[in-house]
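Labels such as salt bridge, buried or core are easy to read past. The questions and answers here ask what stands behind them.

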Amino acid sequence: MKYSMIDYKDIRQIHLEIATLCNARCPWCPRNFWGYPLNGGYPELYLTLEHTKKIFNQDFLKQLTRIRINGNYGDIVMNPDGEHIVEYFRSSNKDIKIQVNTNGGARKSDFWKSLAKNRARVCFAIDGLADTHSLYRQDTLWRTVIKNAKTFIANGGEAVWQFIQFDHNSHQINACKQMSKDLGFVKFKVINGNRTNAPVFNKNGSLSHVIGNYNESTDLDQLLESKTQDQILLEDIIDQKTESNSLSCETINDKSIYIAANGDVSPCCYLGFYPKTYGKGNYFEAANKQLISLIHENNALEYDIEHCIKWFANVEKKWKEKTYKNGRLVICDDNCGSCKNC
């Protein structure tokens with residue numbers, strides 16, 4: 001029976017957040033504030049092996065073609081059950097494609113050998129060479145990431161080098177691409193994420209450096225006040241937006257769903273930023289408020305996945321609304337919409 005935009009029996013891909021914990025402090029990450037530790041409303045936890053087996057029974061895993069472990073907030077290296085979860089997925093479905101995205105900056109060699117043994121394809125986030133990588137990937141050591149990647153590759157693992165391009169590392173793209181070939185990476189991928197200008201703070205709140213040509217306020221207290229005290233309204237974020245003419249939904253196109261580290265099930269990662277709690281002082285405060293009343297009984301540790309996807313029908317209904325003020329979802333338009341005036 002079809003409850004929503006996707007039938008349970010048609011689900012083929014899972015986008016999985018395995019933890020909300022991370023060893024890095026990337027300044028654009030939603031789990032901190034320009035690198036300064038600040039929880040904007042997400043739980044700090046990881047998905048255990050026991051939880052994983054409860055959510056993903058073996059019959060369900062056999063119908064899947066792909067699991068992508070790459071959450072909104074955390075990293076597999078911070079989950080003590082991470083490699084055992086991958087092993088469980090592989091033992092349940094020998095043909096499933098398992099992709100792991102990670103900063104690669106932690107864990108001992110046995111962890112990386114296990115991922116290789118269980119044929120996970122690992123995408124290492126390496127943003128430059130030793131002198132530039134940690135300007136964005138704060139608290140990760142380039143030499144540790146490279147060492148772990150070498151261990152993974154040497155044990156038969158397929159590794160991808162993912163490189164986010166900034167002004168400070170763009171001159172190293174060719175050198176990194178060549179190094180990736182020399183080390184045995186199967187692919188080198190450059191991402192231009194429009195992450196251009198920002199202040200970067202250390203754990204103590206002192207300015208560490210700036211990325212790009214950032215020349216605005218670097219007073220952390222002042223910036224934090226606007227982040228934590230200001231209320232962002234829907235009107236604040238839609239002034240410059242135009243409702244989309246059409247949507248190309250990732251969930252429908254890829255037959256995929258997103259599962260967060262606490263077990264919450266959402267159509268996609270864009271709608272999975274812990275909408276009931278996350279977002280004070282930024283875009284997600286207003287955007288998530290549109291979702292709260294739509295969500296019901298979506299935790300896979302309490303209900304089976306077939307039940308947890310029923311609420312997706314509420315999202316699909318909102319696509320028929322003409323304006324954001326009437327309930328059309330900003331997040332859906334921003335990520336999967338096409339502009340009326342384009």
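What follows takes up charged pairs, a nonpolar core, a helix and a sheet in this predicted model.

Q: Why is the pair E158 and R121 called a salt bridge?
A: The term asks for a side-chain nitrogen of Lys or Arg within 4 Å of a carboxyl oxygen of Asp or Glu. The closest N and O atoms of E158 and R121 are 2.9 Å apart, so the pair falls under the rule. It links distant parts of the chain, with E158 in strand β7 (residues 158–164) and R121 in strand β6 (residues 120–125), 37 residues apart.

Q: What makes E158 and R121 partly exposed rather than buried or exposed?
A: Buried means under 20% relative accessible area and exposed means over 50%, with partly exposed in between. E158 has a relative accessible area of 40%, and R121 has one of 31%, so both belong to the class in between.

Q: How do you know that K280 and E285 form a salt bridge, and is each of them buried or partly exposed?
A: Their side chains meet at 3.7 Å, N to O, and because the cut-off is 4 Å, the pair qualifies. K280 has a relative accessible area of 34% and is therefore partly exposed, whereas E285, at 8%, is under the 20% limit and therefore counts as buried.

Q: What makes D333 and R328 a salt bridge, and are the two residues buried or exposed?
A: The closest N and O atoms of D333 and R328 are 2.9 Å apart, which is within 4 Å, so the pair is a salt bridge. D333 is buried, and R328 is buried as well. Elsewhere, R25, D139 and K203 are joined into one network by salt bridges that share partners. By this rule the count comes to 10 salt bridges.

Q: Which residues of the largest nonpolar core touch the most other members?
A: This core has 77 residues, and those that touch the most other members are I14, F89, F124 and I257. Helix α6 (residues 142–154) gives the core its largest share, six residues. A second core, separate from this one, has eight residues, including C26, Y136, I164 and V200.

Q: What does F124 touch, not counting residues up to four places away in sequence?
A: Among the residues that F124 touches are W112, V145, F152, W161 and F185.

Q: Why is helix α11 (residues 283–292) called mostly covered?
A: Seven of its 10 residues are buried, and because buried means under 20% relative accessible area, the description rests on those seven. They are F284, E285, A286, A287, N288, Q290 and L291. The buried residues of α11 pack against α9 (234–238) and α14 (330–336). At the N-terminal end of α11, N282 acts as a cap, with a side-chain oxygen 3.0 Å from the backbone nitrogen of F284.

Q: What makes β8 (187–191) and β13 (265–266) edge strands?
A: Each of these strands pairs on one side only. They belong to an open sheet of eight strands, in the order β8-β7-β6-β5-β4-β1-β12-β13, with mixed pairing.

Q: How do you know that β4 (residues 66–69) and β5 (residues 97–102) pair?
A: Pairing needs at least two bridges, and four bridges join these strands, so the condition is met. The two strands run parallel, and R66 has K97 as its bridge partner in β5.

Q: Where does α6 lie with respect to the strands?
A: Helix α6 lies across β6 and β7, running at about 160 degrees to β6.

Definitions and conventions
Residues are numbered from 1 along each chain as its sequence is written. This is a predicted model: local features need pLDDT of at least 70, side-chain atom pairs count only at pLDDT 80 or more; totals for chains, interfaces and linings use all residues. Side-chain values use heavy atoms; hydrogens and water are left out. Buried means under 20% relative accessible area, exposed over 50%, partly exposed in between (1.4 Å probe, protein chains only). A nonpolar core is a set of buried Ala, Val, Leu, Ile, Met, Phe, Trp, Tyr and Cys residues joined through side-chain atoms within 4.5 Å. Contact means heavy atoms within 4.5 Å. A polar contact is a pair of N or O atoms within 3.5 Å; within protein, one must be able to donate a hydrogen and the other to accept it, and residues adjacent in sequence count only if both atoms are side-chain atoms. Axes are lines fitted to C-alpha atoms, for helices over the stretch in contact, and angles run from 0 to 180 degrees between N-to-C directions.
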